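Subject: Structure handover

Hello,

Here is the structure I promised to pass on. Please open it alongside this note. My findings follow below it.

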Amino acid sequence: MKIQGKMFMWLSVFVLAMAVVYGVWSKEPAGTTALFLAFGLCIMIGFYLGFTARRVDVGAQDDLDADVADDAGELGFFSPHSWQPLSLAIGGAFAFLGVAVGWWLLYFAFPIILIGIFGWVFEYYRGENRTQ
């Protein structure tokens, strides 16, 4: 993670330089703002990766003598059968459609989004998957 953090920090320096150059030459506020926001995102990601790299064990990607097989293993738990992302996608589609068609559609989108969020958060607190 240390290498990725340094990469994002160097990327943020580049994006900041390009934002300043673009802002001076073009005098266009939307693109300049977008580049400064990209700079902020690169700083946040780089800081997080660098901060986390100091507190976790050294990974295989930080070892110059590591093999590909050294980084093998379990990456985490991913729900193989969850329907909640589908409800979030449908609610999000209705919400974005509401911006284009009419704001009244948001009244139908928000309950679907809330059901999807609550279902996703609490799907392993009830039923047959309670013990996982």
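Two residues are in contact here when heavy atoms of theirs lie within 4.5 Å. Please also keep in mind that this is a predicted model.

Overall fold

The protein chain has four helices and zero strands. Along the sequence, the pattern reads α-α-α-α. The radius of gyration is 22 Å, while the globule rule gives 14 Å for 132 residues, so the chain is more spread out than a compact globule. Along the principal axes, the C-alpha atoms fill a box of roughly 50 × 45 × 20 Å.

Buried residues account for 22% of the 132 residues. The accessible surface of the chain is about 10400 Å². Carbon and sulfur atoms hold 72% of that surface. Of the contacts with a separation of 6 or more, 58% join residues 24 or more positions apart.

On charge, there are 7 positive and 11 negative side chains. The centres of these two sets lie 14 Å apart.

Helices H1 and H2

Start with Cys-42, which lies in helix H2. Is Cys-42 buried or exposed? Its relative accessible area is 9%, and the cut-off for buried is under 20%, so Cys-42 is buried. Leaving aside neighbours within four places in sequence, Cys-42 is in contact with Phe-8, Leu-11 and Ser-12. Its C-alpha also sits 8.9 Å from that of Val-13, a residue 29 positions away in sequence.

Trp-10 is in helix H1. Trp-10 has 65% relative accessibility, and exposed means over 50%, so this residue counts as exposed. From C-alpha to C-alpha, Trp-10 and Gly-46 are 8.8 Å apart. In sequence, 36 residues separate the pair.

Now go to the loop between helix H1 (2-26) and H2, where you will find Lys-27. What is notable about phi of Lys-27? The angle is near 55°, a positive value in a residue other than glycine. Lys-27 counts as exposed, at 67% relative accessibility.

Thr-32 has its place in helix H2, which spans residues 29-53. With 14% relative accessibility, Thr-32 counts as buried. Which residues does Thr-32 touch, beyond its neighbours within four places in sequence? Its contacts are Ala-19, Tyr-22, Gly-23 and Ser-26.

The loop between H2 and H3

Gly-73 is found in this loop. At 58% relative accessibility, Gly-73 counts as exposed. Gly-73 and Val-121 are 48 residues apart in sequence. Their C-alpha atoms are 26 Å apart in space.

Helices H3 and H4

Next, the nonpolar core. In soluble globular proteins, nonpolar side chains tend to be buried together. Here, the largest nonpolar core has five residues: Leu-88, Ala-95, Leu-106, Ala-109 and Ile-113. Helix H3 (84-101) and helix H4 (106-122) each supply at least two of these residues. Which helix gives the most to this core? H4 does, with three residues.

Leu-88 is a good place to look inside this core. Setting aside neighbours within four places in sequence, Leu-88 is in contact with Ile-113, Gly-116, Ile-117 and Trp-120. One of these partners, Ile-113, belongs to the core as well.

In brief

Three points to take away. The chain has four helices and zero strands. The chain is more spread out than a compact globule, with a radius of gyration of 22 Å, well over the 14 Å of the globule rule. The largest nonpolar core draws at least two residues from each of H3 and H4.

Best wishes

Note on methods. Residues numbered from 1 in each chain as written. Predicted model: local features only at pLDDT ≥ 70, side-chain atom pairs only at ≥ 80, totals over all residues. Heavy atoms only, no water. Core = buried A, V, L, I, M, F, W, Y, C linked by side-chain atoms within 4.5 Å. Buried < 20%, exposed > 50% of the residue type's maximum accessible area, 1.4 Å probe, protein only. Rg over C-alpha atoms; globule rule 2.2 N^0.38 Å. Areas by Shrake-Rupley, 256 points an atom, 1.4 Å probe, with all protein chains shown as cover. Lys, Arg positive; Asp, Glu negative; His and termini not counted. Charge placed at Lys NZ, Arg CZ, Asp CG, Glu CD.
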